[in-house]
Amino acid sequence: MKKLFIILALLAATVAASGMINKPKPEPVYITATAGAYSTTWELACKLAQEYGDERDVRAIIYDAQQLNPGMNLNVIQPGQKIKFRLEPEE
């Protein structure tokens, strides 16, 4: 009886794990945001992450934005400035 229970438990764990492993990762979403008066890159990244369901650390989203906007100083942004972001939404 114990062996049957252990076998069933292992089988259930294997089935559950295989379902998690085989899920395809959603495609990233590219968004261009326009800075408003008194906007910061941090605030824009937080707002977009929440809106699109990106659960990564905000610093990772800002790092990606720096890579997408070469030559742009994201520490000092101006109203009307357009900034590209890459978001990884969860399912």
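A residue counts as exposed when its relative accessible area is over 50%, and as buried when that area is under 20%; values in between are partly exposed. Y38 has 79% relative accessibility, so Y38 is exposed. The model described here is predicted.

## Overall layout

The chain has three helices and two strands. Their order along the sequence is α-β-α-α-β. The chain holds 91 residues, and 26% of them are buried. Its accessible surface is about 6,900 Å². Carbon and sulfur atoms own 61% of that surface.

Contacts reach far along the sequence. Take the contacts with a separation of 6 or more: 66% of them join residues 24 or more positions apart.

## The loop residue Y38

Y38 sits in the loop that runs between β1 (29–34) and α2 (41–52). Its phi is near 65°. That value is positive, and Y38 is not a glycine. Most residues other than glycine have a negative phi. The residue is also exposed, at 79% relative accessibility.

## The nonpolar core

In soluble globular proteins, nonpolar side chains tend to be buried together. Here the largest nonpolar core has 16 residues. Those with the most contacts inside it are L44, A45, L48, I61, I77, I83 and F85. Four elements, β1, α2, α3 and β2, each give this core at least two residues.

Which residues does L44 touch, leaving aside neighbours within four places in sequence? The partners of L44 are T34, A35, I77, I83 and F85.

## Helix α3 and its buried side

The buried residues of α3 are V58, I61, I62, D64 and A65. They span an arc of only 155° around the axis, so they lie on the same side of α3. An α-helix has 3.6 residues a turn, so residues three or four places apart point the same way. The buried residues of α3 pack against two elements, α2 and β2.

Y63 also belongs to α3. Y63 is partly exposed, with a relative accessible area of 48%. Its C-alpha atom is 9.4 Å from that of F85, and the two residues are 22 residues apart along the chain.

## Salt bridges

The whole structure contains six salt bridges. Three of them are set out below, with the N to O distance and the accessibility of each partner.

| Pair | N to O distance | Relative accessible area |
|---|---|---|
| D54 and R56 | 2.9 Å | D54 5%, R56 22% |
| D57 and R59 | 2.7 Å | D57 38%, R59 57% |
| D64 and R86 | 2.8 Å | D64 11%, R86 18% |

In the D54 and R56 pair, D54 is buried, whereas R56 is partly exposed. R56 has 22% relative accessibility, and buried requires a value under 20%. The D57 and R59 pair joins a partly exposed D57 to an exposed R59.

Are the partners in the D64 and R86 pair buried or exposed? D64 is buried at 11%, and R86 is buried at 18%. The D64 and R86 side chains meet in a salt bridge at 2.8 Å. D64 lies in helix α3 (residues 58–68) and R86 in strand β2 (residues 82–87), so this pair ties together parts that are 22 residues apart in sequence.

## D64 in its setting

D64 brings several of these strands of evidence together. D64 is one of the buried residues of α3. Its side chain makes a polar contact with the side chain of R86, at 2.8 Å. Apart from residues up to four places away in sequence, D64 touches R56 and R86.

Which residues are linked in a network of salt bridges? The members are D54, R56, D64, R86 and E88. This network therefore includes buried D54 and partly exposed R56, along with the buried pair D64 and R86.

## In brief

Helix α3 packs its buried residues against α2 and β2. The salt bridge between D64 and R86 also ties α3 to β2. β1, α2, α3 and β2 each supply at least two residues of the largest nonpolar core. In the loop between β1 and α2, Y38 is exposed and has a positive phi.

Technical notes:
Residues numbered from 1 in each chain as written. Predicted model: local features only at pLDDT ≥ 70, side-chain atom pairs only at ≥ 80, totals over all residues. Heavy atoms only, no water. Buried < 20%, exposed > 50% of the residue type's maximum accessible area, 1.4 Å probe, protein only. Contact = heavy atoms within 4.5 Å. Areas by Shrake-Rupley, 256 points an atom, 1.4 Å probe, with all protein chains shown as cover. Salt bridge = Lys/Arg side-chain N within 4 Å of Asp/Glu carboxyl O. Polar contact = N/O pair within 3.5 Å; in protein donor to acceptor, adjacent residues only side chain to side chain. Arc of directions from axis to C-beta. Core = buried A, V, L, I, M, F, W, Y, C linked by side-chain atoms within 4.5 Å.
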